[in-house]
Amino acid sequence: VDVLQEGWDLVHERVVPETVMEMSAKTGEGVTELLSSIEEALLQLSAVVKCRLPYSAGELLAEIHKVGTILEEEYQEDGTLVTAYVPPSLRNKLSQYEVA
């Protein structure tokens, strides 16, 4: 918003942006919308998994918390039932614990 908008074509002749958002680093206008858009784009790269992790697999739960987005988490007698967005590499690690 703070810079002339006519210059995109001049700067990036061969790049066509999929999404364009107006924001101001100076005033903060549009930052919330930008962050929401980034989060949505990142979630599209992730897969939703629902799994029951035994308490002995605490390192996997820690990894979900570190790189994923938790939707639901419930501590049960036999482990932690968790539904989360995770990157494909972590989904592969979790496949043996997935539940319907």
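Along strand β1, which covers residues 47-53, the side chains alternate, with A47, V49, C51 and L53 pointing to one face and buried, while V48, K50 and R52 point to the other face and are not buried; buried here means under 20% relative accessible area, with exposed over 50% and partly exposed in between, for a 1.4 Å probe and protein chains only. Such alternation between the two faces of the sheet is what a regular strand shows in general. Strands are DSSP runs of E with at least two residues, and helices are runs of H or I with at least four, numbered from the N terminus.

I should say at once that this is a predicted model, in which local features need pLDDT of at least 70 and side-chain atom pairs count only at pLDDT 80 or more, while totals for chains, interfaces and linings use all residues. Residues are numbered from 1 along each chain as its sequence is written, and side-chain values use heavy atoms, leaving out hydrogens and water.

For the overall layout, the protein has four helices and three strands, which follow the pattern α-α-β-α-β-β-α along the sequence, and 20% of its 100 residues count as buried.

What does β1 pair with? Its partner is strand β3, residues 79-86, in the antiparallel sense and over seven bridges, where pairing requires that DSSP finds at least two bridges between the strands. Within this pair, V49 stands opposite A84. If we leave aside its neighbours within four places in sequence, V49 is in contact, that is, with heavy atoms within 4.5 Å, with V82, T83, A84, V86, R91, L94 and E98.

V49 and A84 also belong to the largest nonpolar core, whose 12 residues are V49, C51, L53, A57, L60, L61, I64, V82, A84, V86, L90 and L94; a nonpolar core is a set of buried Ala, Val, Leu, Ile, Met, Phe, Trp, Tyr and Cys residues joined through side-chain atoms within 4.5 Å. Two or more residues of this core come from each of β1, α3 (58-67), β3 and α4 (88-94).

A84 brings us to G68, which sits in the loop between α3 and β2 (69-76). The C-alpha atoms of G68 and A84 are separated by 6.5 Å, although the two residues lie 16 apart along the chain. Apart from neighbours within four places in sequence, G68 is in contact with E63 and Y85.

Finally, on contacts across the protein, of those with a separation of 6 or more, 52% are between residues 24 or more positions apart.
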